[in-house]
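Here is a predicted model to question. Take each label and ask what backs it up.

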Amino acid sequence: MPEIRLEDVRFAYPGGVDVYPEPGLTLALGDGVTALVGENGAGKTTLTKLLIGLLRPRAGSVTVQGEDVAKATVAAMARIVGYSFQNPDDQLFERTVRAEVSFGPRVLRKPVAEVERGVAWALEACGLKGREEVHPHDLGLSERKWVAIASALAGEPQVVVLDEPTLGQDYPSRERLRSLVAQLADMGRTVLVVTHDMDFVGEACSSTVVLSEGAVRYAGPTAAAFADRDLVEEAGIEPPHVTSLARRLGLGDAVSERAFLAALGR
């Protein structure tokens, strides 16, 4: 059974047009790392807010880990879904990194041992060891993003949603992030990466969902998504830079450095 399922979901903001037109949004996602891509206004952020219960569908159903989101509280969904906002300053409010990262599991009244285990793992995984007593807003954008990601992970959720996680990240940080989402997938977690960073999609996300004007245009292997040039153009997205280079060199539609080097070797 998929970890995430949206069936015939309809939603409209007050006074606005439907985000998801007839017949509604239908999507099923399982384990692993999935990218959610599309132009601005495609419905990506609305989808993520529906998953965590901040928004409720006007019609249709949203289930995560078998939980009907419409019947669950936001607190109940926080036990299942860890969410990292696009702008970390919308998320961070505690006085130290440790207090920030531990806030979620503490509020959920997890046992002390579980809180300490989850916080320690999140701080280590996000490169924040030694920064525990620093005020989050004394950190640069890149590190504040990592504090927000660590906060999403500390409760050890089965589903992790990362909104524009590569924002402000240099190459080593992007590599840490790639390794992190791969590790989460190996642990059996479902990871949804909402991003405009197609290079990261090609390197880190085995599956991709393409949204356009509130409709799913594609859901499947990442390589096949970028190989469909009409889909890429119509959805208003760009292929990874390595894909464009591979095509210019007659090496096919490689979406990652590893695939490019393999094609070059052949």
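The turns below deal with cysteines and then with a strand and its neighbours.

Q: How do you know that the structure holds zero disulfides?
A: Look at the sulfurs. A disulfide needs two cysteine sulfur atoms within 2.5 Å. The sulfur of Cys126 has its closest cysteine sulfur in Cys205, 16 Å away, so the pair is too far apart for a bond. Cys205 is in no disulfide either, since its nearest cysteine sulfur is that of Cys126.

Q: Why is Cys126 called buried?
A: Buried means under 20% relative accessible area. Cys126 has 1% relative accessibility, so the label holds.

Q: What makes Cys205 buried?
A: The cut-off is under 20%. Cys205 has a relative accessible area of 4%, and therefore counts as buried.

Q: Why is strand β7 called mostly covered?
A: Five of its five residues, 159–163, are buried. Both faces are covered. Val159, Val161 and Asp163 lie on one side. Val160 and Leu162 lie on the other.

Q: How do you know that β7 pairs with β6 and with β8?
A: Pairing takes at least two bridges between two strands. Four bridges join β6 (residues 81–84) to β7, and five join β7 to β8 (residues 190–194). Both counts therefore meet the cut-off. β6 and β7 run parallel, as do β7 and β8. Gly82 stands opposite Val160 in β7. Asp163 has Val194 in β8 as its bridge partner.

Q: What makes a right-handed β-α-β unit with β7 and β8?
A: Helix α6 (residues 171–186) completes the unit. Right-handed means that, with the strands pointing away from the viewer, the path from the first strand over the helix to the second runs clockwise.

Technical notes
Residues numbered from 1 in each chain as written. Predicted model: local features only at pLDDT ≥ 70, side-chain atom pairs only at ≥ 80, totals over all residues. Heavy atoms only, no water. Buried < 20%, exposed > 50% of the residue type's maximum accessible area, 1.4 Å probe, protein only. Helix = DSSP H or I, 4+ residues; strand = E, 2+ residues; numbered from the N terminus.
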